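Biologist: Please take a close look at one part of this model, the sheet that the ligand-bearing half of the chain is built around, and then work outwards from there. I would like one connected account rather than a list.

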Amino acid sequence: MSVLSGKNILLGVTAGIAAYKTAYLVRHFIKKGANVQVVMTPASKDFITPLTLSTLSKNPVFSTFFDKEDESGLWHSHVDMGLWADLMVIAPATANTMSKMVKGNADNLLMATYLSAKCPVFFAPAMDLDMFKHPSTQLNIDELKSYGNIFIPPASGELASGLYGEGRMAEPEDIVAFIEDYLIKNAPLYGKKVMITAGPTYEAIDPVRFIGNHSSGKMGFALANEAAKLGAEVILITGPTALVTVNPSIKRTDVTSADDMYQAVHQNFNDSDIAIFAAAVADYKPKTVAGQKIKKKDTVLNIDLEPTQDILASAGAIKKQQFLVGFALETNDELKNAQGKLKRKNLDLIVLNSLRDKGAGFKSDTNKITLIDRGGEVREFSLKSKDEVATDIFNVILEKTDA
Ligand code: CTP
């Protein structure tokens, strides 16, 4: 999954011949799972039609503050678009538009939107060789960079004028790769290793039977996706589940029993920066595993169980730099029990689920959590999707770790 997936991208198109390439750029953004809103300067419509870009972006394209033909009086709000955007890309950026960006002219909808945008703004210049080399252009580029805008350098090659040199807009695939790379490297957890346990464990009774539980793994997988989105290298250690992982930043290890999970955790814990234990590990396992399938008899069958190792507590006992997060599923005296677990297992944060809350816990797509930190601070959250819960948990982790 791309970092661009689900991102709101505002694409500003200005009047250069490279505008024809924005059709491909929009296609690439859409294929990456982004939402695209195109804003054009009026003159850019001579190079590519709004119809092409609205069809490809699946959104109406705007180039004026309001539609004169439209009697509703509705206007195209640059303020709303600026707030909506997670990132803005101005491609191609002509010498004229860059000059206006430096001065802050708001003489068209694109410029007003640029001035309203609070998100990162990328600009990909496109112009002829001598225009690009001109000190005015170079000075404008430096100035725009100093405002925090991100420069996507033009490529060298044959220009529309027939001249050969620097000034050609970066190719659409290269623009997309540049933005993805930038977003990953500037993500809050870039360079950090996050280990997450998920799902149930199965404790074998004989070759065909086991003791397990109903954990789906959904919460742990949502946390893994969120960590990957935030730029981390993710180690996901999961018990048996039908869930799939697609993000290449998530390295997945499949395990079956609590003992397997213990081994996998301790192979990865030492150099982890954040470790989250969302797995529903069996507390007991059969003392011996029958070598053959146990035959049915008419008498009572007793299976001796012994405790599994508490993986989280074993991590808490050796913890150094790691920010350690555990889960607690409680039915009564929830806060007290969770606080007790946090202390006993030497955690930095505990995620409390109460079985008394509807829509929380195993199998469901939603969860209702309370977060309790080492210092005793308690934060309650409303019932949300597990993806949103994962975001809430990481927001608190980022705050507590200053990441
Ligand atoms: N956990 C673990 N290894 C175990 C048991 C639990 O890593 N063998 C982790 C879980 O992933 C979870 C946390 O410990 O993050 C809490 O587990 P829980 O079963 O609720 O706590 P227990 O200490 O087992 O207490 P109890 O069952 O009495 O509530």
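Modeller: Thr197 stands opposite Ile237 of strand S11, and this pair belongs to the parallel pairing of strand S8, residues 193-198, with strand S11, residues 233-238, which extends over 6 bridges. The model is a predicted one, and what follows should be read with that in mind. Strands S8 and S11 sit within an open sheet of 8 strands, whose order is S12-S11-S8-S13-S16-S17-S19-S20 and whose pairing is mixed. At its two edges are strand S12 (250-254) and strand S20 (378-380), each of which pairs on one side only. Averaged over the sheet and with direction ignored, neighbouring strands are turned by 15° against each other. As a general point, side chains in a regular strand alternate between the two faces of the sheet.

Two helices can be placed against this sheet. Helix H9, formed by residues 218-229, lies across S8, S11 and S12, and also across strand S13 (274-277) and strand S16 (323-330), with a direction at about 165° to that of S8. Helix H11, residues 311-318, lies across S13 and S16, and its course makes about 150° with S16.

The ligand comes next. There are 15 residues around the ligand, and those that come nearest are Phe277, Ala279, Gln309, Phe327 and Lys341. Phe277 falls within the range of strand S13 (274-277), and Phe327 within that of strand S16 (323-330). Among the polar approaches, an oxygen atom of the ligand is 2.7 Å from a polar backbone atom of Ala279, whereas for Lys341 it is an N or O atom of the side chain that lies 2.8 Å from a ligand oxygen. A ligand oxygen is also 3.2 Å from a side-chain N or O atom of Asp283. On its own the ligand has 580 Å² of accessible area, and the protein covers 76% of that.

To set this part in the whole chain, the domain assignment gives domain 1 as 8-185 and domain 2 as 193-401, and the centres of these two domains, taken over C-alpha atoms, are separated by 45 Å.

The other sheet to consider is an open one of 5 strands, in the order S2-S1-S3-S4-S5, and its pairing is parallel. Strand S2 (35-40) and strand S5 (150-151) are its edges, each pairing on one side only. Strand S4, residues 121-125, runs parallel to S5 and is joined to it by 2 bridges, with Phe122 standing opposite Ile150 of S5. Packed on this sheet is helix H1, residues 22-31, which touches strand S1 (8-13), S2 and strand S3 (87-93), and whose direction makes about 180° with that of S1.

Some local details complete the picture. Pro92 has its place in strand S3, and the peptide bond that joins Ala91 to Pro92 is cis, with omega at about -5°. Lys58, found in the loop between helix H2 (50-57) and helix H3 (78-84), has a positive phi of about 65° although it is not a glycine. Further along, strand S6 (residues 155-158) and strand S7 (residues 164-168) pair in the antiparallel sense over 4 bridges, and Ser156 stands opposite Glu166 of S7. These two strands, S6 and S7, make a hairpin with 5 residues between them, and in its turn Gly162 has a positive phi of about 100°.

Key: Residues are numbered from 1 along each chain as its sequence is written. This is a predicted model: local features need pLDDT of at least 70, side-chain atom pairs count only at pLDDT 80 or more; totals for chains, interfaces and linings use all residues. Side-chain values use heavy atoms; hydrogens and water are left out. Two strands pair if DSSP finds at least two bridges between them. Axes are lines fitted to C-alpha atoms, for helices over the stretch in contact, and angles run from 0 to 180 degrees between N-to-C directions. Contact means heavy atoms within 4.5 Å. A residue is near a molecule or strand if one of its heavy atoms lies within 4 Å of it. A polar contact is a pair of N or O atoms within 3.5 Å; within protein, one must be able to donate a hydrogen and the other to accept it, and residues adjacent in sequence count only if both atoms are side-chain atoms. Accessible areas come from the Shrake-Rupley method with a 1.4 Å probe; for residues, only the protein chains shown count as cover. Domain bounds come from an automatic or database domain assignment.
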